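Grab a pencil and open the model in your viewer. Here are a few exercises, each with a solution worked out step by step.

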Amino acid sequence: MKTPNSLTGVTRKVTLVAAATLLFASAVCLTGCKKDEKMVPGEVTAPPPSTKTATVETYQSGTHNGFFWSLWKSDGATGTVNYANGTGGNYSVNWNGFNGNFTCGKGYSVGSSTYKIGYNLGAYSNSGGGTFGWYGWSRSPYYEYYVNETWGAVSPHTGTYLGTFESDGAGYNVWTRWMTGKNIDGGDGFRQIYSSRVTKVSTGQNRVITFANHYNKWQSLGYTLGQLNIPAIMVAETWGTNTNGNINCTIWAQ
């Protein structure tokens with residue numbers, strides 16, 4: 001979904017292969033799915049961003065306050081990226097003079113078609129390409145999926161437009177495209193499927209993503225996700241040259 005390198009990118013798939021097979025496959029062992037652990041929605045007080053620059057590694061992940069988190073940066077990326085886990089389901093990231101592609105966020109160690117995610121996007125700024133929303137993968141068949149709630153200065157929308165539907169009080173456009181890069185297990189090719197809000201979400205409000213609505217809509221269009229046995233996160237992603245921005249988000253299970 002990013003141009004010309006795809007939202008999580010053809011080149012990204014190549015660099016992820018060595019780490020992803022072990023890290024994604026072992027993620028379930030790091031923590032069980034915490035979808036029943038709830039935070040009470042309400043006023044969100046965002047902690048200050050970390051002042052520690054993340055180490056440049058292909059992939060980092062772990063658990064924090066019952067949530068799975070991850071940070072990935074493309075090989076050869078330059079510039080500064082600061083990622084910090086806050087209280088509960090909160091995380092923040094800011095970047096300056098960044099060249100390349102990164103993704104980060106908090107969620108669960110395994111995906112599910114029935115997740116209902118509450119979130120509050122406290123701050124969002126992105127001078128490059130990128131997106132913010134619910135993100136994950138499936139196996140058998142391979143899909144890379146997104147529910148895009150907002151995005152950066154460069155639109156992520158490309159591929160085949162499949163129509164519009166409503167979920168959680170908002171309109172979403174559905175897109176898909178076939179990618180010729182490596183999938184998460186090193187094989188050739190995978191499909192992207194994504195829903196994008198017709199109107200970008202505003203900051204500072206409690207909102208909900210009922211993922212089953214998107215899963216079922218994609219299925220009705222002939223695109224059924226495979227096994228959701230790898231992590232799913234509320235992702236912050238950017239790509240481009242000399243990009244700057246900051247994101248602060250808190251998630252909870254509805």
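A quick definition before we start: a residue counts as buried under 20% relative accessible area, and as exposed over 50%. Keep in mind that this is a predicted model.

**Exercise 1. Find the buried residues of helix H2 and work out how they sit around the axis.**

Solution. Start with the helix itself, residues 211-220. Applying the cut-off picks out Phe211, His214, Tyr215 and Trp218 as its buried residues. Next, look at their directions: they cover an arc of only 100° around the axis, so they sit on the same side of H2. Now ask what that set packs against. The partners are strands E6, E7, E8, E9 (170-182), E10 and E11 (206-210). To finish, step past the end of the helix: H2 is followed by Gly222, which has a positive phi, near 95°.

**Exercise 2. Place strand E7 among its neighbours, and say how covered it is.**

Solution. Take the burial first. E7 runs over residues 143-151, and 9 of its 9 residues are buried. Then go to the pairing with E6 (residues 129-138): the two strands run antiparallel and are joined by 8 bridges. One bridge to check on screen links Thr131 with Trp151 in E7. The E6-E7 hairpin has 4 residues between the strands, and Ser140 there takes a positive phi near 55°. Finally, turn to E10 (residues 188-197). Here the pairing with E7 is parallel, over 6 bridges, and Asn148 has Ser196 in E10 as its bridge partner.

**Exercise 3. Locate the positions that UniProt annotates as "active site", and decide whether they gather at one spot or lie scattered.**

Solution. The annotation comes from an unreviewed UniProt entry and covers Glu144 and Glu237. They span 94 residues in sequence, yet no two of their C-alpha atoms are more than 13.9 Å apart, so they gather at one spot. Now put each on its strand. Glu144 belongs to E7, while Glu237 belongs to E12 (residues 232-253). What about accessibility? Glu144 has a relative accessibility of 0% and therefore counts as buried. Glu237 comes out at 1%, so it is buried too.

**Exercise 4. Take strand E2 and determine whether one face or both faces are covered.**

Solution. Begin with the reasoning tool: in a regular strand the side chains alternate between the two faces of the sheet. Now split the strand accordingly. One side carries Phe67, Trp69, Leu71 and Lys73, the other Phe68, Ser70 and Trp72, and all of these are buried. So both faces are covered, in keeping with the tally for E2 (residues 67-73), where 7 of its 7 residues are buried.

Then trace the pairings. E1 (residues 59-64) is antiparallel to E2, with 6 bridges, and His64 stands opposite Phe67. These two strands form a hairpin with 2 residues between them, and Asn65 in the turn has a positive phi of about 55°. E2 is also joined to E4 (residues 90-108) by 6 bridges, again antiparallel. There, Trp72 faces Thr103.

**Exercise 5. Which residues touch the most other members of the largest nonpolar core?**

Solution. The core has 44 residues, and the ones to highlight are Val93, Tyr119, Phe132, Trp134, Tyr145, Leu225 and Met234. Apart from this core lies another, of 14 residues, including Phe68, Tyr146, Met179 and Ile184. Now zoom in on Met234. Leaving out residues up to four places away in sequence, its contacts include Tyr91, Ile117, Tyr119, Phe132, Trp134, Ile209 and Ile251. Two cysteines, Cys104 and Cys249, are also among the residues that Met234 touches.

How accessible are they? Cys104 has a relative accessible area of 0%, so it is buried. Cys249 also has 0%, and is therefore buried. As a last check, count the disulfides in the structure: there are 0.

**Exercise 6. Decide whether Glu166 is buried or exposed, and find its strand.**

Solution. The strand is E8, residues 160-167. With a relative accessible area of 69%, Glu166 lies over the 50% cut-off and so is exposed. Now compare sequence and space: Glu166 and Asn213 are 47 residues apart along the chain, and their C-alpha atoms are separated by 8.6 Å.

Key: Residues are numbered from 1 along each chain as its sequence is written. This is a predicted model: local features need pLDDT of at least 70, side-chain atom pairs count only at pLDDT 80 or more; totals for chains, interfaces and linings use all residues. Side-chain values use heavy atoms; hydrogens and water are left out. A nonpolar core is a set of buried Ala, Val, Leu, Ile, Met, Phe, Trp, Tyr and Cys residues joined through side-chain atoms within 4.5 Å. Buried means under 20% relative accessible area, exposed over 50%, partly exposed in between (1.4 Å probe, protein chains only). Contact means heavy atoms within 4.5 Å. A disulfide is a pair of cysteine sulfur atoms within 2.5 Å. Two strands pair if DSSP finds at least two bridges between them. The arc is that of the directions from the helix axis to the C-beta atoms. UniProt positions are given in the numbering used here, feature names are shortened, and annotations may be inferred rather than shown by experiment.
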